[in-house]
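The following paragraphs walk through one protein model, beginning at its metal site and ending in its loops. Please keep the coordinates open while reading.

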Amino acid sequence: MRQTRRQFLGATAAFSAAAIAPHRLMAQASGFAPITARTAAVQLAPEGYAKTDIWGYDGAMPGPTIRVQQGARVQREFVNALPQASSVHWHGIRIANAMDGVSGLTQDAVAPGDTFEYDFVVPDAGTYWFHAHNRSFEQVARGLHGALIVEEPVAVDVDRDEVLVVDDWLLNPETAQLDPDFEAAHDRSHAGRSGNFIVTNGDYEFSTDVKKGDRLRLRLINAANARIFVLSLAGLEGWAMAYDGMPLAQPEKIEGDFPLAPGQRVDLFVDVTAEVGESAYVLRTLDGQNMPQATFPVTAASTGSMRGAPDALPANTIAEIGDLADARSLILNMEGGAMGQLEAAILDGERRTFRQLADANQFWAFNGVIGMTDTPLATLARGETVRLTIKNDTAFPHAIHLHGMHFREVAQDGQLGPMRDTLLSIGGQSNEIAFVADNPGKWLLHCHMLTHAASGMMTWVDVA
Ligand code: C2O
Ligand code: CU
């Protein structure tokens, strides 16, 4: 943005006029702490640029971090002060279905001026997040997301606990306002809406001082609409401790790059090895170049000695995947997009050619069907073990997210991978996941490249 810096024309808050004045909101009946989705203007672009009009929880970007103990009950009154209906999804929480926050599947979208009481228990410790789940491709891009941290019942041996929400924004470089074309056909049919302004916790030069020898717990959350962050460490040495909230049985030493797809999280324990006066970094690799994603200036040395390799975080109590030989087998064929092979698919109950689909701004099919219909991908018996083959017959990567239940990837040799809620699927490849369908209700299964979800990549499973 710096190269295209121009004089400002005094951008006005386009949405504030349309927003609902707080006094018109329904009186709070529940006594639950409110969480209000509203418009705000925040200094996102560097000093000298105008503030950016966003939609944020409590007007913040990212929204306020919600931190609770494992097993706690979360009671929040969602207040919609936006000019558009919305709902809140608690991503990765094995939640009661009615609280999952999916507009059009588990609840009606909450109209402007209305409220909804979210009331649920968090069964698992770990790093989770919450975000809008109505017109997510627009609402998440406008800033409606925040971290939900569930703390372990035991003290974890680290000096610092940092939540790092990585995100990108598609801004007009002159006005610093969001590109308002959330449904651009090119984004939808290609890799999704990718931003030109990359931030951590809303800050394009996020920095926090550390001490040499400190052990940091970094909770990385990818809240971007479509960007896969490729991250690495410099001046930090450490381990991946948990993916998508769920602890690894064995910490994994970080060597080289690691990807973080939209919706995914990773908990790292890292020791600061950079010298006093230098900086340590989480770096992102983009077009072959490493750029700081988060900077940790080393301002002092810790008085303690370096710790050894960490013990695993305490496991969450989740039903283990049973014998795969008896499992129910399902398939998800993903097709479509630019440079794909999709010739035709069903849209609104009718077969349409790819050209007709493109005219309708719909590009992706799951098993030959575009978008969510009344028919689930499968109706599952409660407690059933499911193996789902996810075949990516497209030219693009996708981040496939299952609501309500975590899964494990099944390797070629039958070995089970770590527990996750979002799978990075690479174009042309096939992955298999397995899960126990032990959470009753209607659970969405979709691409977390939110532009893709909005242009076809969405289905659901029904657990009876
Ligand atoms: Cu985080 Cu249905 O999404
Ligand atoms: Cu996708």
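Counted along the sequence, the residues that donate to the copper ion (ligand 2) follow the spacing H-x48-C-x4-H. The model is a predicted one. The protein donors behind that pattern are ND1 of His398, SG of Cys447 and ND1 of His452, at 2.0 to 2.1 Å from the copper ion (ligand 2). Are the side chains of this site buried or exposed? Cysteine 447 has 0% relative accessibility and is therefore counted as buried. Histidine 452 also has a relative accessible area of 0%, so the label buried applies there too.

The next topic is a sheet. Six strands make up an open sheet, and their order across it is E10-E9-E12-E17-E14-E15, with mixed pairing. Strand E10 (197-200) and E15 lie at the edges, each pairing on one side only. From one strand to the next, the twist averages 25 degrees.

At the E15 end of this order, the pairing can be followed residue by residue. Strand E14 (residues 236-243) runs antiparallel to strand E15 (residues 246-253), and four bridges connect the two. One of the facing pairs sets alanine 240 opposite glutamate 252 in E15. Tyrosine 243 has methionine 246 in E15 as its bridge partner. Two residues separate E14 from E15 in this hairpin, and aspartate 244, which is in the turn, has a positive phi of about 50 degrees. There is also a contact between a charge and a ring: the charged end of lysine 253 lies over the ring of tryptophan 239, 5.0 Å from the ring centre. A second contact of this kind involves arginine 142, whose charged end sits over the ring of tryptophan 55 at 4.4 Å from its centre.

Turning to contacts between rings, how many aromatic pairs does a search of the whole structure find? The search finds nine. In one of the pairs, phenylalanine 116 and tyrosine 118 have ring centres 4.6 Å apart and planes at 50 degrees, so the pair is classed as tilted. The two partners differ in accessibility class: phenylalanine 116 is partly exposed at 21% relative accessible area, whereas tyrosine 118 is buried at 1%. The cut-off for buried is under 20%, so phenylalanine 116 falls outside that class. Both residues belong to a cluster linked by ring pairs, which consists of Tyr57, Phe78, Trp90, Phe116, Tyr118, Phe120 and Phe130.

Some of these aromatic residues appear again in the packing of the interior. In soluble globular proteins, nonpolar side chains tend to be buried together. Here the largest nonpolar core has 59 residues, and the members touching the most others are Tyr57, Trp90, Ile93, Phe120 and Leu380. Another core, with 29 residues, lies apart from it and includes Ile198, Leu216, Ala224 and Ala240. Ala240 is also the residue that stands opposite glutamate 252 in E15.

The loops hold several backbone features. Proline 62 is placed in the loop between strand E2 (52-57) and strand E3 (66-69). The peptide bond leading into it from methionine 61 is cis, with omega near -10 degrees.

Which residues other than glycine have a positive phi in the loops? One of them is asparagine 201, with phi near 50 degrees. Asparagine 201 is in the loop between E10 and strand E11 (210-212), and its relative accessibility of 24% is why it counts as partly exposed. Methionine 339, also not a glycine, has a positive phi of about 60 degrees. Its loop is the one between strand E20 (328-336) and strand E21 (344-347). With 63% relative accessibility, methionine 339 counts as exposed.

The last loop leads back to the sheet. Proline 173 is located between strand E9 (160-169) and helix H2 (185-189), in the loop there. Its relative accessible area is 28%, so proline 173 is partly exposed. Along the chain, proline 173 and phenylalanine 197 are 24 residues apart, while their C-alpha atoms are separated by 9.2 Å.

Conventions
Residues numbered from 1 in each chain as written. Chains lettered and ligands numbered in written order. Predicted model: local features only at pLDDT ≥ 70, side-chain atom pairs only at ≥ 80, totals over all residues. Heavy atoms only, no water. Donors = N, O, S within 2.8 Å, 3.2 Å for Na, K, Ca; no water. Buried < 20%, exposed > 50% of the residue type's maximum accessible area, 1.4 Å probe, protein only. Pairing = 2+ DSSP bridges. Axes fitted to C-alpha atoms, helices over the stretch in contact; angles between N-to-C directions. Phe/Tyr/Trp six-rings, centres within 6.5 Å; stacked < 30°, edge-to-face > 60°. Lys NZ or Arg CZ within 6 Å of the ring centre and 35° of its normal. Core = buried A, V, L, I, M, F, W, Y, C linked by side-chain atoms within 4.5 Å.
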